[in-house]
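Colleague: I'd like a close look at one part of this model, the one you would start docking work from. Please walk me through what surrounds it, and take your time.

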Amino acid sequence: MKLFLDTGNLKEIQAMVPLGIVDGVTTNPSLMAKEGGDPRAIIKAICDVVQGPVSAEVVATEWEGMVKEGRELAAIDPHVVVKVPFTRDGVRATKILADEGTRVNVTLIFSATQALLAAKVGAAYVSPFVGRLDDIASDGMGLIREIVEIFDGYPFTTEILVASVRGPMHIVEAARMGADVCTCPSSVIEACFKHPLTDIGLEKFLADWAKAQAGK
Ligand code: G3P
């Protein structure tokens with residue numbers, strides 16, 4: 001399963017990419033608004049660092065505007081994936097952009113039927129938001145299971161990108177279900193590095209080694 005970073009923060013991306021575990025980046029208007037500055041320049045800089053798929057979201061809400069903005073975003077860098085919200089206009093814009101060869105990530109997916117419609121028009125990715133479903137006492141990962149099952153039965157090339165991830169268990173469950181991508185805030189990736197037994201084990205190894213060296 002691929003791991004993407006869900007952030008518009010260049011410093012976070014620069015810190016994580018050298019570890020070799022980041023396959024791409026997803027952004028959204030809220031994340032980009034937090035960064036300030038010129039969003040297109042930031043997207044370009046992210047693409048230069050990541051050298052993998054970087055989702056940049058349109059803010060237009062009508063299909064003509066989405067297509068125009070999508071083309072402009074795609075022109076920033078070959079790594080840009082145009083992110084489009086799942087609406088009637090979003091589906092129409094996705095069909096046009098996908099037919100032109102632009103990769104589209106259809107976002108704000110909260111049902112299996114939405115994912116199916118996005119796949120039918122050629123989305124490169126669908127982004128179901130698991131955390132936001134959990135937040136309203138719905139089964140976020142249950143939705144991933146449904147979409148995996150549906151996509152497995154057809155020759156869709158659309159990848160399932162698990163989004164709105166809240167903790168490491170979302171990553172574990174996404175991988176067990178066979179999702180293609182999990183996009184995570186860097187705090188969630190950081191949490192995956194932590195295990196008390198690793199810390200205790202390393203401390204013991206180093207103490208034993210130091211004792212042996214001192215006795216030589
Ligand atoms: O980028 C889309 C998604 O991952 C947003 O997550 O935490 O705002 O629900 P969140």
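**The largest pocket and its surroundings**

Modeller: Let's start with the walls: helix H2 (29–35) and strand S5 (104–109) each put at least two residues into the lining of the largest pocket. H2 is the top contributor there, with four residues. Keep in mind that this is a predicted model.

As for the space itself, the largest pocket holds about 400 Å³. It is lined by 24 residues, and those closest to its centre are Asp 6, Asn 28, Leu 31, Phe 129 and Arg 132. Sorted by class, the lining comes out as eight nonpolar, nine polar and seven charged residues.

Take Phe 129 from that central group, since its ring has a partner. The whole structure has four aromatic pairs. One of them is Phe 110 with Phe 129, an edge-to-face arrangement at 5.5 Å centre to centre and 70° between the planes. That angle is over 60 degrees, so the pair gets the edge-to-face label. The two rings come from distant parts of the chain, 19 residues apart: Phe 110 sits in the loop between S5 and helix H6 (112–120), and Phe 129 in the loop between strand S6 (125–128) and helix H7 (130–135). Phe 129 has a relative accessible area of 7%, under the 20% limit, so it counts as buried. Phe 110 is at 32%, which makes it partly exposed.

For contrast, here is a ring pair with another geometry: Tyr 154 and Phe 156 are tilted, with 5.8 Å between centres and 40° between planes. Tyr 154 is exposed at 52% relative accessibility, and Phe 156 is partly exposed at 25%. Phe 151 joins Tyr 154 and Phe 156 in a cluster linked by ring pairs.

Back to the pocket, and to Asp 6, another of the residues closest to its centre. Asp 6 falls within strand S1 (residues 2–6). Four of the five residues of S1 are buried, so the strand is largely enclosed by the rest of the structure. S1 has parallel partners in strand S8 (residues 181–184), through four bridges, and in strand S2 (residues 24–26), through three. On the S8 side, Leu 3 has Cys 182 as its bridge partner; on the S2 side, Phe 4 is opposite Gly 24. S1 and S2 also belong to a right-handed β-α-β unit, with helix H1 (residues 10–16) as its helix.

Now the other named wall, S5. S5 pairs in the parallel sense with strand S4 (residues 80–85), over four bridges. Val 82 has its bridge partner in S5, namely Val 104. The chain gets from S4 to S5 by way of helix H5 (residues 88–99), in a right-handed β-α-β crossover. S4 itself is largely enclosed by the rest of the structure, because six of its six residues are buried. Val 80, Val 82 and Val 84 point one way, Val 81, Lys 83 and Pro 85 the other, and all are buried. That includes Lys 83, a buried residue in S4.

S4 also pairs with strand S3 (54–57). That pairing is parallel too, over four bridges, and Val 54 stands opposite Val 80. S3, helix H4 (63–74) and S4 form a right-handed β-α-β unit.

S3 and H4 bring us to the second largest pocket, at about 180 Å³. H2, helix H3 (39–50), S3 and H4 each supply at least two residues of its lining, with H3 giving the largest share, three residues. Among the lining residues are Thr 27, Asn 28, Pro 29, Met 32, Arg 40, Glu 57 and Glu 69. Asn 28 thus appears in both stories: it lines this pocket and is one of the residues closest to the centre of the largest one. H2 likewise contributes to both linings. By class, the second pocket's lining has seven nonpolar, two polar and three charged residues.

For the overall frame, the protein chain has 11 helices and eight strands. Its C-alpha atoms fill a box of roughly 75 × 40 × 30 Å along the principal axes, and 46% of its 216 residues are buried.

Technical notes. Residues numbered from 1 in each chain as written. Predicted model: local features only at pLDDT ≥ 70, side-chain atom pairs only at ≥ 80, totals over all residues. Heavy atoms only, no water. 1 Å grid on protein atoms, 1.4 Å probe; cavity = no way out; pocket = protein on both sides within 12 Å on 5 of 7 lines; lining within 4 Å. Points joined across faces, edges and corners; volume = space filled by probe spheres on them. Nonpolar A, V, L, I, M, F, W, Y, C, P; charged D, E, K, R; others polar. Phe/Tyr/Trp six-rings, centres within 6.5 Å; stacked < 30°, edge-to-face > 60°. Buried < 20%, exposed > 50% of the residue type's maximum accessible area, 1.4 Å probe, protein only. Pairing = 2+ DSSP bridges. Right-handed = clockwise from strand over helix to strand, strands pointing away.
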